[in-house]
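Here are a few exercises to work through with the model open beside you. Try each task before you read its solution.

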Amino acid sequence: MTAEFNSAAYPTEADKASSKALDEYLHAENLYESQEEALVREEVLGQLEELVKNWIKGVATKVGRPTANANANIYTFGSYRLGVHGPGADIDTLCVGPGYCQREGHFFGDEEHSLQAILSKTTGVESVRPVRNAFVPVIECVIRGINIDLLYAQLHGDVRPDLDVRAQAVLRHCDDRTVRSLNGCRVTDTILNEVNNVESFRVALRALKLWAQRRGVYSNVTGYLGGVNWAILVAFVCKQFPNAAPSVILKNFFILYSVWNWPAPVMLRPIEKDPSLDMTVWDPRENPRDRSHLMPIITPSYPCMNSSYNVSESTMAVMQAEFERGREFFKSTGQITSPDTYRKLFEPANLFAEYKHFLEVEVWATNKEDFELWEGWVHSRMRFLIKNVGYSMDVRPWPKAFKDPQKENNHVYYIGLKKKQEAARKFSLDNSQANKPVELTPAVNAFSHTVKDWAERNAETMHIGVRHVTRTDLPAFMAGHVPAKKKKSGSKKRAGQAEAAEAADGQENKQTYKTIKTEC
């Protein structure tokens, strides 16, 4: 489709008017930080850079290296670097250090010369939390109220003050964790470099991020798309329409991806291979595993990877329906001149209005520290539950957790359940199969065993429960999310009959889901 779906045309007056309305809507939704907060962020980054410069000299002294040329750099990436962060957003940062500065003992560690220890003792720094075993190890902390995620990249040699991390040479002799840490900056910078009109890109991306969050499709870990995925998709549209206004980018985003021929990959640049580095890149012709990817969105910097490998058939179907909804909005709306017109596009999805049956996954622990570890682990594994249940059901996972206010240290997740549409059509012709039970227990128990086998789990303090519930079974704290029953028109007798029929239908449908025993 992209062969025809592109244009270098400049914005018309109508395009400018609809883009102005879009920008006004985004400002009204409080998506832009204040000048005061922006200044604090700059000051915090300056403070962090100064601290890192002093820290690396201490490390050099510790290992017997000259301090004159001892240097480490701080870089930003993610939403802050892209210029699409909002109030209260964290800052993704990368510390690049020399080869003699080790990740363990110098970056992480309780020793007085380690960066982790120095951060813990620094005035204005709070909540220093090392996450050593993450796929990309990180120190999480709060500096003057700003959340910082700090990664570390250990280069082979020294670090120049003017080091360009986009150069492929920086990857030479680096371990996998360093390559992954560098990748965030390299991808972010390449995306910006590939876009002709950065301001249009930023407004369109802000809009898409808000839309994805409102519609419940913003979460890489759940099997939807995360920040880098949405950025690449928007940048690709910007490349097809290099001079377009933000409203045109937004409209064409939905037009393009509602008909995209997945699994054809979305790529900002051709995939590059470097025999001298010999790193694995995404290539379904050579890597059988890459052939199974449903919705490939390829990172634009070497080594190119599929950033959306968590997408399952179920979450992909949800996103495709949402893309179509967006396309229909623009098709039916016509020229937009008022910010209020955009409200329908950004209207929040309501899982509990669309579905009557759910899997409820409750995660809790007896203390805050264990809960943070346990919840993060369980949430990261939920995509396997979603995938396995999706083989027999149409499912829609809601990415955000709910909290029972009567309990401490708990999160509750919901996955909407429906019989697959093909099965529903078959059942309409064969009533004998209509209420055949759907077996969910194997998928739930497989998920249970996966999370329970975690080496760091404390069975005495970390717990999980999974059960099937109907809309009427939802706990009291979910009442505000369940749509109110519509008033029945006509006589009280007919209203009573309708309510009785609805209740009976709920009970009958509940029998189509076999009892789940989680063994947790």
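**Exercise 1.** In this predicted model, find which strands helix 2 lies across, and its angle to strand 5.

*Solution.* Start by locating helix 2 at residues 35-63. Next, follow it over the sheet: helix 2 lies across strand 1, strand 2, strand 4 (138-143) and strand 5 (146-154). Finally, compare directions, and helix 2 turns out to run at about 35 degrees to strand 5. Now look at helix 5 (residues 176-194), which also packs on the sheet and touches strand 1, strand 2 and strand 5. The direction of helix 5 makes about 120 degrees with that of strand 5.

**Exercise 2.** Work out the strand order of the five-stranded sheet and say which strands stand at its edges.

*Solution.* Reading across the open sheet gives the order 1-2-5-4-3, and the pairing is mixed. Strand 1 (73-77) and strand 3 (125-131) each have a single partner strand, so they stand at the edges with one side lacking a neighbour in the sheet. From one strand to the next, the twist averages 25 degrees.

**Exercise 3.** Describe how strand 1 is joined to strand 2, and find the partner of Ile74.

*Solution.* Strand 1 and strand 2 (residues 91-97) run antiparallel and are joined by five bridges. Within strand 2, Cys95 is the bridge partner of Ile74.

**Exercise 4.** Decide whether strand 9 is largely enclosed or not, then describe its pairing with strand 10.

*Solution.* Strand 9 covers residues 393-397, and four of its five residues are buried, so the rest of the structure largely encloses this strand. Strand 9 pairs with strand 10 (residues 410-419) in the antiparallel sense, over five bridges. To check the register, note that Met393 stands opposite Lys419 in strand 10.

Definitions and conventions. Residues numbered from 1 in each chain as written. Predicted model: local features only at pLDDT ≥ 70, side-chain atom pairs only at ≥ 80, totals over all residues. Heavy atoms only, no water. Pairing = 2+ DSSP bridges. Helix = DSSP H or I, 4+ residues; strand = E, 2+ residues; numbered from the N terminus. Axes fitted to C-alpha atoms, helices over the stretch in contact; angles between N-to-C directions. Contact = heavy atoms within 4.5 Å. Buried < 20%, exposed > 50% of the residue type's maximum accessible area, 1.4 Å probe, protein only.
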